[in-house]
Amino acid sequence: MSITAAREKFGVFLVRKGLRATSQRLAIFDAAFTMEEHFTADQLLDHARKLDDSVSRATIYRTLPIMTASALLREVDIGSGEKFYRPNRDGATTQVAQVVCVDCDKIFEISAPFMEWYSSTVSSKLGLTPASQRLQVSANCDVFRQSGACPRRG
Ligand SMILES: [Zn+2]
């Protein structure tokens, strides 16, 4: 999905929710959608201010839930207390799992189409229908453990 298409979708979503497509909201959206890595609210604030210096921290915190509700942004909770976000560039339907490297503070996302199949299989045996599922792997870095350094460490 191109940023133009994504921004258009976001605009439609705002209108449907009775919200205005303010220049700050659009700057935050553009900033979020062009981030390469998983990012925190503070990293998004820095990036969005380069596009529009009137963006405030409060606007960031109000806009993040709107963007995740639109499914154009995914919230990633790795249990560290701080929430991470990532643009959903390939559409809302892809199942992803996260592999978190605890040595290098990196979050990798892998496509996990089996996850839906697995959760529906185990749930149906219990007479249940899954509402959502997630898979998260915490991992140590082999390179870092062996050499004490890793090019992925930021
Ligand atoms: Zn590493």
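Here is a short walk through this predicted model, from the whole chain down to helix α1.

**Start zoomed out.** Colour by secondary structure and you should find six helices and five strands. Follow the chain from the N terminus and the elements come in the order α-α-α-α-β-β-β-β-α-β-α. Turn on the C-alpha atoms: along the principal axes they fill a box of roughly 50 × 45 × 30 Å. The protein has 154 residues, and 16% of them count as buried. For contacts between residues at least 6 apart in sequence, 45% join residues at least 24 apart.

**Now select residues 3–16.** This is helix α1, with 14 residues. At 1.5 Å a residue it should span 20 Å, and its end C-alpha atoms are 20 Å apart, so the expected span and the model agree.

**Show side chains on α1.** Which residues of α1 are buried? Pick Ala 6, Phe 10 and Leu 14. These three cover an arc of only 80° around the axis, which means that they sit on the same side of α1. Next, spin the view to the other side of α1, where Thr 4, Ala 5, Glu 8, Val 12, Val 15 and Arg 16 are exposed.

**Add residues 23–33.** What covers the buried residues of α1? Part of the cover is α2, the helix you have just selected.

**Last stop: Gly 18.** Go back to the stretch just after α1 and click on Gly 18. Check the backbone there: Gly 18 takes a positive phi of about 75°.

Key:
Residues numbered from 1 in each chain as written. Predicted model: local features only at pLDDT ≥ 70, side-chain atom pairs only at ≥ 80, totals over all residues. Helix = DSSP H or I, 4+ residues; strand = E, 2+ residues; numbered from the N terminus. Buried ≥ 20, exposed ≤ 12 C-beta atoms within 10 Å, placed from the backbone. Contact = placed C-beta atoms within 7 Å. Expected span 1.5 Å × (residues − 1). Arc of directions from axis to C-beta.
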